[in-house]
Every structure is written in C-alpha cells, then in structure tokens.
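Me: I am new to this one. May I ask how each label is earned?

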Amino acid sequence: MNFEADHRDNPEYFTPIYQMALTQFNQAVKLLQLPEDCAEWIISPDRCMMVSLPIRMDDGKLRTFYGYRVQHNSALGPGKGGLRYHPSVTLGEVTALATWMTWKGGLMNIPLGGAKGGIRCNPKEMSKNELENLTRRYTAAIFPIIGPGKDVPAPDVGTDSQTMAWIMDTYSMQTGFHTMGVVTGKPEIMGGSLGRMEATGLGVAHTIAHAAKKINLPLEGATVVVQGFGNVGYYTAKFLQGMGAKIIAVSNSLGGVHNKNGIPIDPLHQHAQEDRQLDNFPDTEKITNAKLLSLKCDILVLAALENQVTEKNASKVNCKIYAEGANGPTSLEADKILEEKDIFLIPDILCNSGGVVVSYFEWVQGMQSFFWETDDIYKRMEKIMNNAFEETYTLSQQEKVGMRTAGLMIGIKRVADAMMVRGLYP
Ligand code: NAD
C-alpha cells in the first residue's frame, strides 16, 4: 500500500505499534475485498498535528514538551479519543490508537470518528500546577482542530477528569462561551456523565460475562488475573468480583499480588491510593508482572499498556477467556500463538468500548444540557455492547476468523460504507 511505503522511513510515525495497527487493517481488508485505492484512503489519517509546548516549571526553569493530536477518520462523526500523558508517547503510538478508535466507533455503530492525543511527559514526576499549565498550553495549541462538532478528547493513561476540566475551561475561555461538549470524562459538576468513570471497566466485565456464556463458564467462583490497576483494571476487577468471580492476582507497573483464595478489590484499591506499591497488601504474596501473565486462571484481563503479551510470553498464557481492556496489549506474533490455544479472545475494540459508548452519551447530554440517570446509562451501554458482541461473534463463526478480525471487519466496513456514500470532496 502506498501509504505504508511513503511513510516507512519516518521513525516518528512508523513505530512497532503503528505497524501492528496497519497489519491488522490489511488482514481484515483482504477479507472484505475492498479495492486497494479505497483501502489506502480509509487507513490514511485525516490529520496529524504536532505541537511544542513550552511551560514554566515550579523551579522557574522553562521546559518544552511535545504533544500530538491525530484525527484518523471522521466519516461517521466528529473525532473521539483519549488524551495520554506518558514518557513513551510518539506520533506512531497516537496514530495507532486513533486508528483503533475509528474501528471502535464503527463496530459500536455510534456517530463518532476516531482520534487520539498525547503528550510525551512523565505526569508522575510533575506537580499539579505544572500539569495544569501543560494541559492549558496543549489545549490552546490544538484549539483550531477540536470542538464538539470536530473532535472531542477524553481521559486515557495519565490523565483524568481534572485534566478534562482544564481543557473545557481553556477552550471555553477562548470561544467566550460555556462549551460542555468539547471533552468527555469531565467531573460531574461540569456536565460529566454519570457512569463514565466506571464505564470502561463495566463494559470489560459485560463482555467477559457474555464470553463466559458462550463457553459455558460459570462466573461464580471463576478465577481472574488482572494486569494493570488503574481506571480500567480496578473497575473491571470490582465488577467481576460483584458478579461472583474470584480475583486471584492483580498488578500495576511496580509489581503485583497473588492469593489463590481471592483478593478483596476495594480494600486493595484503597491501599493503592495510599501507597502505589501493591505488594505489601495483607494476606497476599508478591508476584512479578512476568509471572502474573502466566498464572493459570479462567479469565486474564489485560488493563495496562500495549505490547504486553508477545512472542516471548504468549505460549505461557493459561486462561479460558483473554480480555483486552487495554488497547493493543497483544503483539501480532502473540495473536497467532493464542489462536492455536483454546482461548476465547475478546479484542480491544470490543472489550474496552464501554468508555467510548458512555463518552458518546456524555457528548449527547452535554449538547442537550439534559442529564440521564445511571440506570439508563448502564442499560443503553449494555444494549450497544451486546449487539456489537453478537454481531462480531456471528461473523467470526460464519467467516471462520478470530474475534479480532471479525470485529475489525465490521468496524472497517461501516466506516468504508460511510466514506463511499459521502463521496469525494471536491
Ligand atoms: P491508568 O493510567 O488509570 O492505569 C494504567 C495502569 O497500568 C496503572 O495501574 C499502571 O501502574 C499499570 N501499568 C503500567 N505499566 C504496567 C506494566 N508493565 N505491568 C503492569 N501494570 C502496568 O490507565 P487506564 O485509563 O486504566 O488505561 C489502561 C488501558 O486501557 C490503556 O491501554 C488505555 O488506552 C485503555 N483504555 C482506557 C479507557 C478509559 O476509559 N480509561 C478506555 C478504553 C481503553
């Protein structure tokens, strides 16, 4: 494909994770039999913005950070996607994540396109004041390309509802009017939707419950291992525990804890708030992240970062349901190894889409200035995700392809149909 050839020598773009997003696309597109020129049009990002962000640090020194906003595709609606603060953020990573957001919107059948943003920084080493300055400067820099009808950021790794509040305020100061719909994942007092905070984890738990029915696995007493204990990992573990499952191991970037009889999730979360180190939690044994991924369990939840299961450790994965709460946690080589095993894989674009679905609800509520009850939100989210799950499962059976390829085929096809019917401008 020309797009690939044209950019292959651009190291900022062509990171392994972006390569992975392209290869996944190429595999799905081959089965959809889309003409090559259309495929190139669909995969090419609409717009990539790179900005430099000078800010004054607390010690009085000036420091310049680099930020990105990539709008991959807006055929179905305005761009939608998180904003990540992490030291490894690159244009390639942000573009891969924006691309997956496009297929996710298509698969969920919601009127939103795909986008993503990021700033290369280490938020753990920055003060609240420095993070506020960085966020406001970034918002000013990307101001021309965001807005309720253009592109709507949300939290991702390293950002939260406070970050969204700063973006909403900076944007509103520049437009001169209160603009709730410019971001989602805001604090409730500023028009944040009920249910948004826990939406991704709740959605992960729903898809796991759905998969468990398909393989006749009772959730009551099912053993669960969770990698990553941030927003997604915590809420997934909490909801699964509420459904009767037993969480036997949990980790974060500093290491993990294990107890074959189960770990109480809310006390562990409380402990993690006070001391990021999990491994001194009572009645548990310390476990490394490497060991955790090979623990025998019924359900393995990946809820940290991309590229965690690779050709080096995929053969050791020992679960019945493999749930991608994180985006891109499984390398292409690992995908092939997992396919050989008797594992039900729930791909990221299906598994973690509860966040974008409730973000869609928040965007709608913001534009109407009319807010819904939590029960309504949960019910509507479950309906959208169940439909997407069934559609993906049915296609995977019909076409004899994995759940990932089936989900991608549905998402890409919906975007392609919208692009064809809209046609070319000019
Ligand atoms: P977060 O920053 O709240 O949590 C990330 C967690 O992963 C932290 O506990 C961190 O310590 C841990 N972690 C990092 N590296 C690790 C490693 N090597 N081993 C074990 N743990 C590690 O982020 P989040 O919002 O929970 O997002 C997690 C993943 O889910 C990301 O891939 C993100 O893109 C994806 N996602 C998030 C949302 C959302 O609504 N927050 C929606 C869809 C997808």
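Me: Where is Gln33 found?
Reply: This is a predicted model. In it, Gln33 is found in the loop between helix H2 (16-32) and helix H3 (36-43).

Me: What makes the phi of Gln33 worth a remark?
Reply: Its value is near 55°, which is positive, and Gln33 is not glycine. Most residues other than glycine have a negative phi.

Me: What kind of peptide bond runs from Tyr425 to Pro426, and how do you know?
Reply: Omega is near 0° there, and the bond from Tyr425 to Pro426 is cis. Most peptide bonds are trans. Pro426 sits in the segment after helix H15 (403-422).

Me: Now the ligand. How many residues surround the ligand, and which are the closest?
Reply: There are 25 of them. The closest are Arg84, Asp156, Thr200, Val232 and Asn327. To be counted, a residue needs a heavy atom within 4 Å.

Me: Why is the pair between Asp156 and the ligand called a polar contact?
Reply: A polar side-chain atom of Asp156 is 2.7 Å from an oxygen atom of the ligand. The cut-off for N or O pairs is 3.5 Å, so this pair counts.

Me: What about Arg196 and Asn289?
Reply: A side-chain N or O atom of Arg196 lies 3.3 Å from a ligand oxygen atom. For Asn289, a side-chain N or O atom lies 3.2 Å from a ligand nitrogen atom. Both values are within 3.5 Å, so both pairs are polar contacts.

Me: How much of the ligand does the protein cover?
Reply: On its own the ligand has 830 Å² of accessible area, and the protein covers 84% of that.

Me: What makes up the shell around the ligand, by class?
Reply: The shell has 14 polar, 7 nonpolar and 4 charged residues. Helix H7 (196-214), helix H8 (231-242) and strand E7 (246-252) each supply at least two shell residues.

Me: Which domains does the shell draw on?
Reply: Domain 1 (2-179) and domain 2 (199-351) each give at least three residues.

Me: How far apart are the centres of domain 1 and domain 2?
Reply: They are 26 Å apart, taken over C-alpha atoms. The contact takes 17 residues from domain 1 and 12 residues from domain 2.

Me: What area is buried between domain 1 and domain 2?
Reply: About 1,200 Å², with 64% from carbon and sulfur atoms. Met20, Trp100 and Lys104 supply 35% of what domain 1 buries against domain 2, more than any other three residues.

Technical notes:
Residues numbered from 1 in each chain as written. Predicted model: local features only at pLDDT ≥ 70, side-chain atom pairs only at ≥ 80, totals over all residues. Heavy atoms only, no water. Polar contact = N/O pair within 3.5 Å; in protein donor to acceptor, adjacent residues only side chain to side chain. Areas by Shrake-Rupley, 256 points an atom, 1.4 Å probe, with all protein chains shown as cover. Helix = DSSP H or I, 4+ residues; strand = E, 2+ residues; numbered from the N terminus. Nonpolar A, V, L, I, M, F, W, Y, C, P; charged D, E, K, R; others polar. Domains from an automatic or database assignment. Contact = heavy atoms within 4.5 Å. Buried area = accessible area lost by both parts, 1.4 Å probe.
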